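Work through these short exercises with the model open beside you. Try each task before you read its solution.

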Amino acid sequence: MKARKVMAVAMATVMTLSLAACGGSSASSGESTQTKPAESKVEYDKNGPDGNYANIVLGETGTDISAKLKLLTHRTDMLATDYPGTNYQSYIDEFHKMYPNIEIDIEGITNYAEDALLRMQGGEWGDIMMIPAIDAEEFGNYFMPYGDLETMEGQIRFASAKQYHGTVYGIPSTGAAQGVLYNKAVFEKAGITELPKTPEDFIADLKLIKEKTDAIPLYTNYAAGWTMGAWDAYIGGTATGDSEYTNRKMLHTANPFSDPGDGSHAYNIYKVLYDAVAEGLTEDDYSTTDWEGSKGMMNRGEIGTMVLGSWAYSQMQAAGDKPEDIGYMSFPITVGGKQYASAGADYAFGINKDSSDENRMAALIFVKWMTEKSGFSYNEGGIPICASDNKYPELYAAFDGIDYVFDDPAVEGEEDLLDLLNADSELNLNNGGDKKIQEIVEHASNGDMTFDAIMEKWNAAWTEAQELNNVEITK
C-alpha cells in the first residue's frame, strides 16, 4: 500500500493570544469566528526546539543563537529586488533587527511542486522548506514537530492542515479563501452590475465579456499546470457548505462526481470550466498560456476572470498600473440558497528534523517571526495565520454575508484514507492532480469527450479505490 502512495507523491506534485502578540502590519479590520483555546501545555526546553513553538517568545528566546539557515521557497518572484510588493530581502532585513546573528539564505525553485519533492527525498535541502504534496504519514520522516494539535490551535489558524495523529509539522505561510479574480473595469464595460452567484450566471457573464469587450473572458492558465489544480479547492466547502465533506463524508460517498441536480457539489464546479472552454469563452490556444504574463494581462484588463485562490490577488494588483481594477469574488455556486467559500492553508513552513539543534531552534524562531511579526500574510492578501490576528485585507470585503468553511480533519483511524483514495484513483484531489483538470480543458476544446463521460470516468476510478481500501459506503 505504501509503495502506491510514495509513487503517487513522486508523480504529484490557508485560537487566541499567543505568548508573543501578533503584529507587524496595518490592515482593515475583519471579524474572526475562532474560539478561545486552551493554554499551552508545552514546556520550553532551551536545548531542544521540538514541540516548542508555543513557548518561543520573540525578542527573548534564542537571542544568543548564531546560525546560517537555508530556506527553499516557491515564491521566486519575491527574490527579485524589483518585486512590487515586500520582497524576501526586506523581510530578512526586518528580522535581523531582532535576530542579527541568524542568517537566512533563500533559494527559489520555479518548478517547486516536483523539484521540492526530489530535493526533500534526497535529504540535502537545507533547514526550512515549503512543504510539498506528501502524505501526512510522511511528515514525521522529514520535519520537526511544532507542538501538539490542541496547543497549536491556540497559536495559529489552519493548525490541522499539516498534522498527523495530533502532532503539527507545518506552519502555513498564509491562509487563502477560494474565489475568482476578476477585472472590475472589464465587468463594467461588459455591463455586469451584479456578481454572479450560480454557474449559469457566470457563463452568461463570460458571454457578455466576449461580446462587449476585447478581454479573454476566462483565462485557464493551462500551460502552467499547477494553476489548474486550483479547481480542486472548491469542491469541498464552497460546493457543499459542509466542513466535514472533504476529509470525512466524501471518502464514504458513492460517485461523488455525479450531478446532484441542485447546482452544487464537485460536478457543477468542474462543469464551469468545461462549458467555458467548449463555448469559446477562454483563450484561443490553451497550450500557450503564460502564468507570469497573465498577471499583467489581468491588471491591464486583457483578462476578465481567473479561478485562483485569494493569494493571487496581491500579485495581480502589483503587476501593473491599475491595482484598483482587480477584484475578488466568491466562486459562483449556491448551496441551498446560500454561498460559501472554502478557506484553508497555503504552503506551510516545514523545518528539517535532521538539522542541528541550534539550526532547528533558529529556524523555529524565524518561522514564528514570519507568522507573528512580519506582516507577510496581510501583505500577500491572505487570511492571517496568527490566531490572535483579526486583520483581514480589503479584498475580503466582497465576502460579506458569505460563510468561510474550514475543512475538519479526518476522523481518528482515517487519517490516511484520503491519501490512499487519491493515490489509488490517481485523481489526487487537492494534491497535485493538475493533469486531470488539464484533461477537462483538452476534451472540451477537442469535443471528443462529453463532460458527463469525464465525470463517469472519475467516479469509476474513485469507486475502484474505495473497493480496494474496503471503504464502507454510507451515502
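The exercises below deal with aromatic rings, charges over rings and one sheet.

This is a predicted model, where local features need pLDDT of at least 70, side-chain atom pairs count only at pLDDT 80 or more, and totals for chains, interfaces and linings use all residues. Residues are numbered from 1 along each chain as its sequence is written, and side-chain values use heavy atoms, with hydrogens and water left out.

**Exercise 1.** Classify the aromatic pair of Phe95 and Tyr99.

Solution.
- Start with the rule. Rings of Phe, Tyr and Trp (its six-membered ring) pair if their centres lie within 6.5 Å. Planes under 30 degrees apart count as stacked, over 60 as edge-to-face, and the rest as tilted.
- By this rule there are 28 aromatic pairs.
- In the pair of Phe95 and Tyr99, the centres are 5.5 Å apart and the planes make 25°. The pair is stacked.
- Now check burial (buried: under 20% relative accessible area; exposed: over 50%; partly exposed: in between; 1.4 Å probe, protein chains only). Phe95 has 0% and is buried. Tyr99 has 2% and is buried.

**Exercise 2.** Classify the pair of Trp291 and Trp311, then place both residues in the chain.

Solution.
- The centres lie 5.9 Å apart, with 55° between the planes. This pair is tilted.
- Helices (H or I, at least four residues) and strands (E, at least two) are DSSP runs, numbered from the N terminus.
- Trp291 is in helix H11 (residues 291-300). Trp311 is in the loop between strand S11 (303-306) and helix H12 (313-317). The two are 20 residues apart, so the pair links distant parts of the chain.
- Trp291 is buried at 11% relative accessibility. Trp311 is buried at 19%.

**Exercise 3.** Find which ring lies under the charged end of Lys368.

Solution.
- A charge sits over a ring if NZ of Lys or CZ of Arg is within 6 Å of the ring centre and within 35 degrees of the ring normal.
- The charged end of Lys368 sits over the ring of Tyr53, 4.7 Å from its centre.
- Lys338 does likewise over Tyr340, at 5.9 Å.

**Exercise 4.** Give the strand order of the open sheet of four strands and name its edges.

Solution.
- Two strands pair if DSSP finds at least two bridges between them.
- The order is S10-S11-S9-S12, with mixed pairing.
- The edges are S10 (216-218) and S12 (326-330), each pairing on one side only.
- S9 (residues 179-183) and S12 pair in the antiparallel sense over five bridges. Asn183 has Ile326 in S12 as its bridge partner.
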